[in-house]
Amino acid sequence: MKKELSDFFNKQSTKAKTKIRAMAAKKAEENCIRYGRKIEDLTMDEWKRIVAEEEEELIKKAWKFGGIGAIAFGFMPWW
């Protein structure tokens with residue numbers, strides 16, 4: 001699954017990659033605040049790892065809800 005996600009991410013345009021990364025960074029920042037950690041206290045490698053994990057979660061979520069939408073649209077075309 002991780003290879004599929006990385007292939008999908010690599011095929012996207014630079015604009016899409018930038019948008020996903022910005023959303024992941026924002027979500028990572030919110031999680032750090034929620035758990036009482038300061039971004040300044042993290043090393044660059046830790047921050048990159050956290051943002052990469054958030055990117056994976058965002059892409060998984062997009063695949064999940066995109067698939068559900070396609071199925072729902074396919075079975076209910078009269079809506």
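In this predicted model, a salt bridge joins the side chains of Glu 55 and Arg 21, with a distance of 2.6 Å from N to O. Glu 55 belongs to helix α3 and Arg 21 to helix α2, so the pair ties together parts that lie 34 residues apart in sequence. The two partners differ in their surroundings: Glu 55 is buried, at a relative accessible area of 10%, whereas Arg 21 is partly exposed, at 41%. The relative accessibility of Glu 55 therefore falls under the 20% that sets the limit for a buried residue. Glu 55 also illustrates how positions distant in sequence are placed in space, since 28 residues separate it from Lys 27 in the chain while the C-alpha atoms of the two are 9.3 Å apart.

The count of salt bridges comes to 2. The other pair consists of Arg 49 and Glu 53, whose closest N and O atoms are 3.2 Å apart. Both of these residues lie in helix α3 and are 4 residues apart, so about one helical turn separates them. An α-helix has 3.6 residues a turn, so residues three or four places apart point the same way. Arg 49 is partly exposed, with a relative accessible area of 44%, and Glu 53 is likewise partly exposed, with a value of 41%.

The overall arrangement provides the setting for these pairs. The protein contains 3 helices and 0 strands, and the order of its elements from the N terminus is α-α-α. Of its 79 residues, 19% count as buried. Among contacts with a sequence separation of 6 or more, 56% involve residues that are 24 or more positions apart.

Helix α2 comprises 21 residues and reaches 30 Å from its first C-alpha to its last, close to the 30 Å expected at 1.5 Å a residue. Its buried residues are Ile 20, Ala 24, Ala 28, Asn 31 and Cys 32. Viewed down the axis of α2, these buried residues fall within an arc of 110°, so they line one face of the helix. On the other side of α2, the exposed residues are Lys 15, Lys 19, Lys 26 and Ile 33. Just after this helix, Gly 36 adopts a positive phi of about 80°.

Several buried residues of α2, including Ala 24, Ala 28 and Cys 32, also take part in the largest nonpolar core. This core has 8 residues in all, and its members are Ala 24, Ala 28, Cys 32, Leu 42, Trp 47, Ile 50, Val 51 and Leu 58. The elements that contribute two or more residues to the core are α2 (14-34) and α3 (44-75). Helix α3 supplies the largest share, at 4 residues. In soluble globular proteins, nonpolar side chains tend to be buried together. Within this core, Leu 42 touches Cys 32, Arg 37, Trp 47 and Ile 50, when residues up to four places away in sequence are not counted. Of these contacts, Cys 32, Trp 47 and Ile 50 are themselves listed among the core residues.

Confidence in the prediction varies along the chain. The mean pLDDT of the protein is 80, and 73% of the residues reach 70 or more. Confidence is lowest in helix α1 (residues 2-11), where the mean is 68, and highest in α2, where the mean is 88.

Note on methods: Residues numbered from 1 in each chain as written. Heavy atoms only, no water. Core = buried A, V, L, I, M, F, W, Y, C linked by side-chain atoms within 4.5 Å. Buried < 20%, exposed > 50% of the residue type's maximum accessible area, 1.4 Å probe, protein only. Contact = heavy atoms within 4.5 Å. Salt bridge = Lys/Arg side-chain N within 4 Å of Asp/Glu carboxyl O. Expected span 1.5 Å × (residues − 1). Arc of directions from axis to C-beta. pLDDT = per-residue confidence, 0-100.
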